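Got the viewer open and a selection tool at hand? Let's walk through this one stop by stop, starting with whatever loads below.

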Number of protein chains: 2
Amino acid sequence: MVAAEKTANELEFLLDQSSGVPYYRQIIKQVEMAVADGRVRSGSKLPTVRSLAVDLQINPNTVARAYNEMEIRGIVNTQQGTGTFISDKKIELTEEERSDILRSLVRSFIANTSSYGFVIDEVIEHLKVLKEEM
Amino acid sequence: MVAAEKTANELEFLLDQSSGVPYYRQIIKQVEMAVADGRVRSGSKLPTVRSLAVDLQINPNTVARAYNEMEIRGIVNTQQGTGTFISDKKIELTEEERSDILRSLVRSFIANTSSYGFVIDEVIEHLKVLKEEM
DNA sequence: AATGTTGTACTAATAAATTAGTACAATGAA
DNA sequence: TTCATTGTACTAATTTATTAGTACAACATT
């Protein structure tokens, strides 16, 4: 195979040991980010537990833990013997449940930004800019 | 003093023991929320370390820790012998620093909402609604 | 069926976070 | 100055989180 790899990996994982953020969380965050900005799509295969563990020089179970949490949150689907894939986001929530979750996330976020002295308009503006960048 | 208390407290603290969220974080969150939706303003006095500790039936140091973190984040100012007050939000950051912080908060937030399957437009809409409610 | 791939279970070692006990120090009011 | 009030320091006990070691189980491919 000389041409481009079918499984050419859009994701590049990097661990910051001195950040204080646990490895498994860093992995999750990096996947979330990649999903958020479209670097990976539904069905994309993630590196295998072992290969990523070797890459990052950590224990397979640490990778597995990250994958597990993402599975629980519905971000990925895992199939033994096959691999772990970005999920289809088939939403099995009612509109009301969805709305409640979003409300809760947004409120918490605003409480957070407020504590830094930002007002809601600034936040909205920034979001709009970010939207354009994507 | 028969009339309304000068220090009538707009904040009502409540701890959820079974939430898994540590007490000091719950306290911080509740203050942040109160600031975000205007229930408290600059200069408002928080309950004393001891009184809140008694109220919530926890150790004074746990309350103190919450107050301390908020002090560090600039949410409150503390003066020994006097009390702890919601700070003036005198911002001593450059515009660039402010912008960087907001960018980082927003990105992280969007990564999070995306992982729940929300798209950025939904989020912006929700923020606008929340803004009207305030 | 046999083999190699994938994720998983279970345990344990370690590190970090959380809370509490207790005594202290700074401030303000009398 | 004296006293009551406020936050603080320091230590330690405990719990929780994080990571790793090791062996296992499910699946796909041949």
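Head first for the surface near DNA strand D, and take stock of its residue classes: nine are nonpolar, 16 polar and two charged. Keep in mind as you click around that this is a predicted model.

**Stop 1: DNA strand D**

Show strand D and select what lies around it: 27 residues surround this strand. The closest are A:P22, A:I58 and G81 of chain A (A:G81), along with B:T48 and B:V49, so label those five for orientation.

Now colour by element. From chain A, helix 1 (23-36) and helix 3 (60-73) each give two or more residues to this surface. From chain B, look for helix 2 (49-56), helix 3 (60-73) and strand 2 (83-86), which do likewise. Which element gives the largest share of the surface near DNA strand D? That is helix 3 of chain B, with five residues.

**Stop 2: DNA strand C**

Switch to the other strand. Here 28 residues surround DNA strand C, and the closest are A:T48, A:V49, B:P22, B:N59 and B:G81. Select helix 2 (49-56), helix 3 and strand 2 (83-86) of chain A, then add helix 1 (23-36) and helix 3 of chain B; each of these supplies at least two residues of the surface near strand C. Helix 3 of chain A has the largest share, five residues. By class, the surface near strand C divides into nine nonpolar, 17 polar and two charged residues.

**Stop 3: chain A on its own**

Hide everything but chain A. You should find five helices and two strands, and if you trace the chain along the sequence they come in the order α-α-α-β-β-α-α. The C-alpha trace of chain A spans about 50 × 40 × 30 Å along its principal axes.

Zoom in on the β-β part. Strand 1 (residues 76-79) of chain A pairs with strand 2 of chain A in the antiparallel sense, over four bridges. Pick A:N77, and opposite it in strand 2 of chain A stands A:F85. The two strands of chain A make a hairpin with three residues between them. In the turn, click A:G81: its phi is positive, about 85 degrees.

**Stop 4: the hairpin in chain B**

Bring chain B back and go to its hairpin. Strand 1 (residues 76-79) of chain B and strand 2 of chain B are paired antiparallel over four bridges. Try B:Q79 here; its bridge partner in strand 2 of chain B is B:G83. Three residues sit between the strands of this hairpin too, and B:G81 takes a positive phi near 85 degrees.

**Stop 5: where the chains meet**

Select the contacts between the two protein chains: 33 residues of chain A are in contact with 34 residues of chain B. On the chain A side, helix 1, helix 4 (95-115) and helix 5 (120-132) each give two or more residues. Helix 4 of chain A gives the most, with 12 residues. Colour that side by class and you get 19 nonpolar, six polar and eight charged residues.

For a close-up, show helix 1 of chain A with helix 4 (residues 95-115) of chain B. Their axes come within 8 Å and cross at roughly 80 degrees, so these helices are roughly perpendicular to each other. Show side chains for A:K29, A:E32, A:M33, A:V35 and A:A36 on helix 1 of chain A, then B:I110, B:A111, B:N112, B:S114 and B:S115 on helix 4 of chain B; these make the contact. The contact has five nonpolar, three polar and two charged residues.

**Last stop: superpose the copies**

Lay chain A on chain B. A turn of 180 degrees and a shift of 0.0 Å along the axis does it, with an RMSD of 0.1 Å. The two copies are thus related as by a two-fold rotation axis. Why do the copies meet through the same surface? Because 100% of the interface residues of chain A are also interface residues in chain B.

Terms used: Residues are numbered from 1 along each chain as its sequence is written. Chains are lettered from A and ligands numbered from 1 in the order in which they are written. This is a predicted model: local features need pLDDT of at least 70, side-chain atom pairs count only at pLDDT 80 or more; totals for chains, interfaces and linings use all residues. A residue is near a molecule or strand if its C-beta atom, placed from the backbone, lies within 6 Å of it. Ala, Val, Leu, Ile, Met, Phe, Trp, Tyr, Cys and Pro count as nonpolar, Asp, Glu, Lys and Arg as charged, and the others, Gly among them, as polar. Two residues are in contact if their C-beta atoms, placed from the backbone, lie within 7 Å. Axes are lines fitted to C-alpha atoms, for helices over the stretch in contact, and angles run from 0 to 180 degrees between N-to-C directions. Angles under 35 degrees count as roughly parallel, over 145 as roughly antiparallel, 65 to 115 as roughly perpendicular and the rest as oblique. Two strands pair if DSSP finds at least two bridges between them. Copies are superposed by least squares on the C-alpha atoms of residues with pLDDT of at least 70 in both.
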